[in-house]
Amino acid sequence: QVQLVESGGGLVQAGGSLRLSCAASGSFFGINTMSWYRQVPGKQRGLVAVVSSGGSTKYADSVKGRFTISRDNAKNTVYLQMNSLKPEDTAVYYCNVVVFFEGHYGNYWGQGTQVTVSS
């Protein structure tokens, strides 16, 4: 099994910064993509940013230039540095990892962490 532990959410004023972390543990051979998603009540969960095993990144248009995703492969951890936060960034943020075992892949979600940006 794979466990994901998220941390770093909280309440911040508009214009402020937060850093989210998500650490993966368990018995797997390696990690493929690591991603952050977010969800607000009544809406579908949407992709915020993704980083590949090779370090390539992709961002939602709404966060480009403000958020940075990174990963530490030695620690099996993905980070999301969020700067210049806006009230519309308020959501529950979930990390997602695709890990590979012998012969197959698995897709896992973190428990979610609340980010609230006040105006």
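# Group meeting talk: rings, strands and a core

Okay, let's start inside: Phe-101 and Tyr-108 are both buried. Keep those two in mind, they'll come back. Before I go on, please remember that this is a predicted model.

So, the overall picture. How many helices and strands does the protein chain have? It has 0 helices and 11 strands. If you walk along the sequence, the pattern is simply β-β-β-β-β-β-β-β-β-β-β. The C-alpha trace spans about 50 × 25 × 25 Å along its principal axes. A compact globule with 119 residues would have a radius of gyration near 14 Å, and this chain has 14 Å, so the two agree. Buried residues come to 43% of the 119. And here's one about long-range contacts: of those between residues at least 6 apart in sequence, 55% join residues at least 24 apart.

Next, how some of the strands sit together. Take E4 and strand E5, which covers residues 46-51: they pair in the antiparallel sense, over 5 bridges. Across that pairing, Trp-36 stands opposite Ala-49 in E5. The hairpin they make has 6 residues between the strands, and Gly-42 there has a positive phi near 85°. Then E5 carries on to strand E6, residues 57-59, with 3 bridges, and those two run antiparallel as well. Here Val-50 stands opposite Lys-58 in E6. The E5 and E6 hairpin has 5 residues between its strands, and in the turn Gly-55 shows a positive phi of about 100°.

While we're on phi: most residues other than glycine have a negative one. Which residue in the loop between E7 and E8 goes positive without being a glycine? That's Asn-76, which lies in that loop and has a positive phi of about 50°. Asn-76 counts as partly exposed, because its relative accessibility is 26%. Ser-84 is another non-glycine with a positive phi, near 50°, and Ser-84 sits in the loop between E8 and E9. With a relative accessible area of 42%, Ser-84 is partly exposed too.

That E8 to E9 loop also holds Lys-86. Is Lys-86 buried or exposed? Neither, really: at 35% relative accessibility, Lys-86 counts as partly exposed. If you skip neighbours within four places in sequence, Lys-86 touches Arg-66 and Val-117. Lys-64 is 22 residues away from Lys-86 in sequence, and their C-alpha atoms are 13 Å apart.

Now the core. The largest nonpolar core has 32 residues, and Trp-36, Leu-80, Met-82 and Tyr-93 have the most contacts inside it. Several strands give two or more residues to this core, among them E1, E3, E4 and E5. Which strand gives the largest share? That's E9, with 5 residues. Let's zoom in on Tyr-93. Again leaving aside neighbours within four places, the contacts of Tyr-93 include Glu-6, Leu-20, Trp-36, Tyr-37, Leu-80, Met-82 and Val-115. So Trp-36 turns up twice in this talk: once among the best-connected core residues, and once opposite Ala-49 in E5.

On to the aromatic rings. You describe a pair of rings by the distance of the centres and the angle of the planes. A search of the whole structure finds 3 aromatic pairs. One of them is Tyr-37 with Trp-109: 4.9 Å centre to centre, 65° between the planes, edge-to-face. How far apart in the chain are these two partners? They're 72 residues apart, with Tyr-37 in strand E4 and Trp-109 in strand E10, so the pair links distant parts of the chain. Tyr-37 has a relative accessibility of 22%, so Tyr-37 counts as partly exposed. Trp-109 counts as partly exposed as well, because its value is 38%.

And here are the two residues from my opening. The ring centres of Phe-101 and Tyr-108 lie 6.4 Å apart and their planes are at 70°, so this pair is edge-to-face. For this pair, both partners are buried.

Last thing: charges over rings. Which ring does the charged end of Arg-19 sit over? The ring of Tyr-79, 4.0 Å from its centre. The charged end of Arg-45 does a similar thing with Tyr-94, sitting over that ring 3.6 Å from its centre.

That's my tour, thanks for listening!

Methods: Residues are numbered from 1 along each chain as its sequence is written. This is a predicted model: local features need pLDDT of at least 70, side-chain atom pairs count only at pLDDT 80 or more; totals for chains, interfaces and linings use all residues. Side-chain values use heavy atoms; hydrogens and water are left out. Rings of Phe, Tyr and Trp (its six-membered ring) pair if their centres lie within 6.5 Å; planes under 30 degrees apart count as stacked, over 60 as edge-to-face and the rest as tilted. Helices (H or I, at least four residues) and strands (E, at least two) are DSSP runs, numbered from the N terminus. Buried means under 20% relative accessible area, exposed over 50%, partly exposed in between (1.4 Å probe, protein chains only). A charge sits over a ring if NZ of Lys or CZ of Arg is within 6 Å of the ring centre and within 35 degrees of the ring normal. Two strands pair if DSSP finds at least two bridges between them. A nonpolar core is a set of buried Ala, Val, Leu, Ile, Met, Phe, Trp, Tyr and Cys residues joined through side-chain atoms within 4.5 Å. Contact means heavy atoms within 4.5 Å. The radius of gyration is taken over C-alpha atoms; the globule rule is 2.2 Å times the number of residues to the power 0.38.
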